[in-house]
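Here are some short exercises to work through with the model open beside you. Try each task before reading its solution.

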Amino acid sequence: MEDSPKADPGKAGNAPQQQAANKPQSGERPDQGEAPAPDHYRPDPQAMRDQSTIPAPDVANAKYHHPILAQPPEAPTGLHLTEPAKVAAGVTAVIKSMAFGWSEGGLNRGTRGLLNMNQKDGFDCSSCAWPDPDDHRSVAEFCENGAKATASDADERAAGPEFFARHSLAELSKMTDRDQNNAGRLTHPLVKRPGDNHYSPIEWPAAFQLIADNLNALASPDEAVFYTSGKVPNEPAFLFQLFVRQFGTNNLPDCSNMCHESSGAALSPTLGLGKGSVTLNDIHEAEVIIIIGQNPGTNHPRMLTALQKAKRNGAKVIAVNPLPEAGLLAFKNPQDFMNPLRALGTLLGDGTQITDLFLQVRVDGDMALLRGIMKHLFEAEDLNPGQVVDRAFIDEYTTGFESFEQNIRSTSWEDIEELSGISRAQLLEAANLLARKQKIVTCWAMGVTQQRQGVQTIQEIVNLHLMKGAIGKPGAGTCPVRGHSNVQGDRTMGIWEQPTKEFLDALSKEFDFTPPYAHGLDTVESIKAMYKGKTKVFFSLGGNLLGAGPDTEVIAEGMRKQKLTVFVGTKLNRGHLTTGETSLLLPCFTHADVDMQKAGHQMTSCENSMGVVSQNKGILTPLPGQMMSEVAILAGVSIATLGNRTNIADWVAMTENYDVIRDHIARVIPGFEDFNQKLRRPGGFYLPNGPRERKFTTKNGKANFTATALEKYTVEPDQLILMTVRSHDQFNTTIYDYNDRYRGVHGERRVLFMNRQDMADRGLQAQALIDITSHFEGTHRTVEKFIAVPYDIPRGNVAAYFPEANPLVPVGSVAKVSNTPTSKYVVVTVVPTRKTLGAPLEVRLAAEA
């Protein structure tokens, strides 16, 4: 293979090998190759899933029954409220970025980490999957949250054997999630044996053998669950699924099951690919951008730079969200402080206005809102034939338009206004912005995907684009904004409980074995199986299922029933503490760490939200200890477990030189041909994307309109609808601090954002101590000692941070088709905290004893 380090192992990952040829040019459609094989989403029908109910756990009293806390501690950390911010980023973001970078990684490591993050010959940010520019990249190509993530990865503090000898699992569980993360990097493999209250050191070969013994003792490979975090790069992700399938199961749940599974379930049958159809340049060129169910200022801050560029090019932005987030209002770009012509204006001015029209939708009302916009568009088409609806595109590329049109026209304005909380007049404003435009981009995230009808809502987004012909052209398309850095890439690599036959056939041919073809367990079904004792081994490659998943105490009980739990990670989190009978805690490298193997300095790769695969090459010397790369750990586990059932020499070769892994990937996965060569291009390469080129690889070869069902749900007069959200000082389940400065919350996370009138109706004063109870199919779950915070949120809606509010989310409450937990629709009641609530005195004393 041309210029492959296999020919010269000393060159592995070296920057001088990178060539500038074929680099996508700014403002042009990228050269991405032919559309891949059909990506038909084949979700298991709900009837095939476990329909039995799981009793509601005693959430409020769990702290009295289990010395190791599965939920974060209730002790207050010092709430202070200020006015919510009206502008995102600015000088404060710069100061915070530097402070985090230097406080944990030190001045030298912290600065080196920040300056090499997201650079073409550097490492990929380990937080969100927002794409990097194809052309010029700034010296500081990172955002505040990326700085926090890198600072955390570059942490000079070590949580080694001495730390775990000093602290029992029960003591560690009483620490806040922030303090657990700040304990430092994991440096040595550790084991908790039956009856132990501490993790203690274990040698790597013994750890591998312990895993092998437990896996090989199972009655069936399906008694094991293999969970994956979206931070895992492509190469170890490919090896993980290979090992699991050679072992004999498709039980490969991942964090995607809980976030953008609804996107894949909606996009694959309608457009032919379960990914977005735009590039970063399309954002810049769009005439109208719809941001729905997404908070870019906190969750994807670098997106604000793209929105600013689009605004300067004349774009209009429609923001749809229950909360008026700072990042949706205005933005002060920290990069402008480096420009003498813009620095003073940025410092003293109000920033770039982001949103032209803000629609404060009710929680779960997005589907009705979209219908209202499209109903207006049809009425505009009636008045202006041929000027609003793109009939030529519809006739050539689509099917199902007539039933879709009838469905929209027959929806009543009364239902639309009631369910969305948006007036017909406001929806007309949105429709007027869209009516004569075709360069439209719609961005969404978990505010949509985690609704009961998340799949159907995304199908309505697709319907809007199809009726406007706003797809497969510059400046137009669909844009699901992914969370973790490689959550999209992990699915591309085969991390999926429902693999296609085409993928399994290619894997079988490449590695000469017969993989299992029966579908495995997704995240929700894995939680149920673990709880019911149907599995005996839980293996987590990164991540924190306990903190990320629904029904925290159900997950905790399931973990306790395992014979073995295995956690591969970089830092301590709460999920490492609620364990099986035996548990392993195995330390691995981060994106920022130098990974030296026999062939030299290795690199991995990640796929961003827009299908660009780029290199990830660490630059920081790992802390002293016994950390290993994820690739090396998986090779050790595979060789010990599979023995002669696998090609041991190949696993050794793949560990010594990751180009060998990429050669395998190139022969298995469409779009990765010449993987090693293309990865060494500056900025990486685009994967094939049919919808981007109007090549719809659906079963019928067309883009498909959908006639969805708009369902109405009712709640009792005292009930509210809860959605979970992130704070500004967290990324997914990693908590960097107790603050959420954009929302004006400081020093505390156990808060519930409430409409002022809803508080008055319940006799609650600001900062009142409250208990929250969720209601689902006759079951109840209660969390205690939250603080009521008055906020600008629609009446009948409330919001709280996860993971603190996750115990309220029933594992049985899932989105249709995708089986994603409905963290954006939880029916709750709120009452003042009652002193008598909780376990009887004798139970408390017994627990304390």
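**Exercise 1. Find which residue of β23 stands opposite valine 613, then place the pair in its sheet.**

Step 1. Valine 613 faces phenylalanine 685 of β23. This is a predicted model, in which local features need pLDDT of at least 70, side-chain atom pairs count only at pLDDT 80 or more, and totals for chains, interfaces and linings use all residues. Residues are numbered from 1 along each chain as its sequence is written, and side-chain values use heavy atoms, leaving out hydrogens and water.

Step 2. Strand β22 (residues 612-616) and β23 run antiparallel and are joined by 2 bridges. Strands here are DSSP runs of E with at least two residues, while helices are runs of H or I with at least four, both numbered from the N terminus. Two strands pair if DSSP finds at least two bridges between them.

Step 3. The open sheet has 3 strands in the order β21-β22-β23, with antiparallel pairing. Because β21 (604-607) and β23 (685-686) each have a single partner strand, they stand at the edges, and one side of each is left without a neighbour in the sheet.

Step 4. Now add the helix: α8 (residues 234-247) lies across β21 and β22, running at about 90° to β21. (Axes are lines fitted to C-alpha atoms, for helices over the stretch in contact, and angles run from 0 to 180 degrees between N-to-C directions; contact means heavy atoms within 4.5 Å.)

**Exercise 2. Work out which strands are joined to β9, and in which sense.**

Step 1. Strand β8 (residues 288-292) runs parallel to β9, with 5 bridges between them. Valine 288 has lysine 316 as its bridge partner in β9.

Step 2. Strand β12 (residues 357-359) also pairs with β9 in the parallel sense, over 3 bridges. Here valine 320 is opposite leucine 359.

Step 3. Finish with burial (under 20% relative accessible area; exposed is over 50% and partly exposed in between, with a 1.4 Å probe and protein chains only). In β9 (residues 316-320), 4 of the 5 residues are buried, so the strand is largely enclosed by the rest of the structure.

**Exercise 3. Describe the surroundings of proline 57.**

Step 1. Proline 57 is in the segment before α1 (62-65). Its relative accessible area is 17%, so proline 57 counts as buried.

Step 2. Leaving aside residues up to four places away in sequence, proline 57 touches Asp551, Glu553, Val554, His780 and Arg781.

Step 3. Proline 57 and valine 554 are 497 residues apart along the chain, yet their C-alpha atoms are separated by 6.5 Å.
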